[in-house]
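Visitor: I should like to learn how to read a sheet and a ligand site. Where should one begin?

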Amino acid sequence: MATPLQPVRGMNDILPQDEALWEKLESTAEALFRAYGYHRIRIPVIERTELFSRSIGELTDIVEKEMYTFEDRGGDSVTLRPEATAGVVRACLSNGLLHNQQQKLWCSGPMFRREKPQKGRYRQFHQLSVEALGFDEPEIDAELIVMSARLWRELGLDHVRLEMNSLGTPESRAVYKDALVRYFSRHLDALDADSLRRLERNPLRILDSKNPDMAELIAGAPVLTEHLDDASRAHFERVQQLLGDCGVEAELNPRLVRGLDYYTRTVFEWLTDRLGAQSAVCSGGRYDGLVAQLGGRDTPAVGWALGVERIVELLRLEEGDPGIRAPDVFIVSVGDAARRAAFAAAEQLRSRVPALTVSIGAPAAGFKAQMRRADKSGARYAVIIGDDELAAGTLGLKPLRVDAPQQSLNLEQLVSQLSSAPERRE
Ligand code: ATP
Ligand code: MG
């Protein structure tokens, strides 16, 4: 026999036993996005490479070393998307969605980054993300943040905390960059190779270094908050007030710069201490320059993205392993004629009681084996059809989770009983 193939490193299969956690996050988020008036947009997984190098920034970790970039057979350089914002902005521009319009959008799907795989850090991972385009008011920054806070609340997640910073405008940041370059230039010996390369072209990136040897030097660097322009300061204060009014606590972290270049003004990150080294569960901020940078008109915008795998792990810590969802009804039949009748009866039940999960096991197996499978499936009822039932035109309804006798019912009675079963799943 040939050796079974393994998945590509860092890519995961998401198995049915985890589906309940994924589904909980996705359906809760979807309902929430709808409640805030955000519309779903679906965008391609592959984009031209240029889209990401122009938006995320040439000197970021993502663009420098993490993108899955290749030439397609036509010779174009394309990239598997490492994040959604650039693609969403591109889609808005391609489809004229920003002509005298504002957009509130959400998006979901796999992202690809060739990082070192470890628990909570994968090469294919999933994000749920929201973007508000065309809004410059601090209310929208705050709306997006309270929306994320509400999502944690609705999911029952307590162990997350919010950090925020303001990156100001490109102009105020230029002043700050000079101050940073002066500071780091005095400590050239202590800079690692990445940081040395970034010193000239993108010194802010040094603050985002994950190298622990750089931590002390970074801790002593000047902070951006001292160089903030007045308008950005007022904007940031207003965001904080609005959050405070809604009871969302935030900690100011003047060194938070985020791993992508396109952010301006508000940036934030939700962190947890329950996932080891992978502490960021959701992050985002304002990116007022990005639309113009990608060829559109000047359009303010703000957004965030959450890491689905990390939130699912937090849910698992709270709720335990969900396991495979059990069917409501498991059909068991004995004999060829009954097997045929059971097949049609299953279809009847599915159309008459829409929310019901009806499973047929292996009807060629013996009665005992089928009942064992019915029990193992976790189903609440077995519906049994044998010779007697066939002759009488009835079906047997046997509760599997409580000690109760089997009932003999006609189809109408069965439908009405299963429709009104109190614990039936919606
Ligand atoms: P980190 O600091 O952990 O590398 P990041 O700043 O690169 O995160 P973003 O680009 O802001 O992350 O993406 C938003 C969210 O997506 C993160 O908060 C995180 O939860 C998740 N995420 C990012 N990279 C990965 C990955 N390789 N595997 C799993 N989840 C990820
Ligand atoms: Mg990263």
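Guide: Two strands pair if DSSP finds at least two bridges between them; strands (E, at least two residues) and helices (H or I, at least four) are DSSP runs, numbered from the N terminus. This is a predicted model, in which local features need pLDDT of at least 70 and side-chain atom pairs count only at pLDDT 80 or more, while totals for chains, interfaces and linings use all residues. Residues are numbered from 1 along each chain, and side-chain values use heavy atoms, without hydrogens and water.

Visitor: In what order do the eight strands form the open sheet?

Guide: The order is 1-5-6-11-10-9-7-8, with mixed pairing. Strand 1 (39-40) and strand 8 (251-252) are the edge strands, each pairing on one side only. Strand 5 (residues 103-112) runs antiparallel to strand 6, with ten bridges between them; Gly109 has Gln127 of strand 6 as its bridge partner.

Visitor: Which strands each supply at least two residues of the shell around ligand 1?

Guide: A residue belongs to the surroundings if one of its heavy atoms lies within 4 Å. Strand 6 (124-133), strand 10 (280-286) and strand 11 (301-307) each do so, and strand 10 gives the largest share, four residues. In total, 17 residues surround ligand 1, with Arg113, Glu115, Arg258, Ala280 and Ser283 the closest.

Visitor: Which atom of ligand 1 lies 2.6 Å from a polar side-chain atom of Glu115?

Guide: A polar contact is a pair of N or O atoms within 3.5 Å. For Glu115, the partner is a nitrogen atom of ligand 1. A polar side-chain atom of Gln127 lies 3.0 Å from an oxygen atom of the ligand.

Technical notes
Chains are lettered from A and ligands numbered from 1 in the order in which they are written. A polar contact is a pair of N or O atoms within 3.5 Å; within protein, one must be able to donate a hydrogen and the other to accept it, and residues adjacent in sequence count only if both atoms are side-chain atoms.
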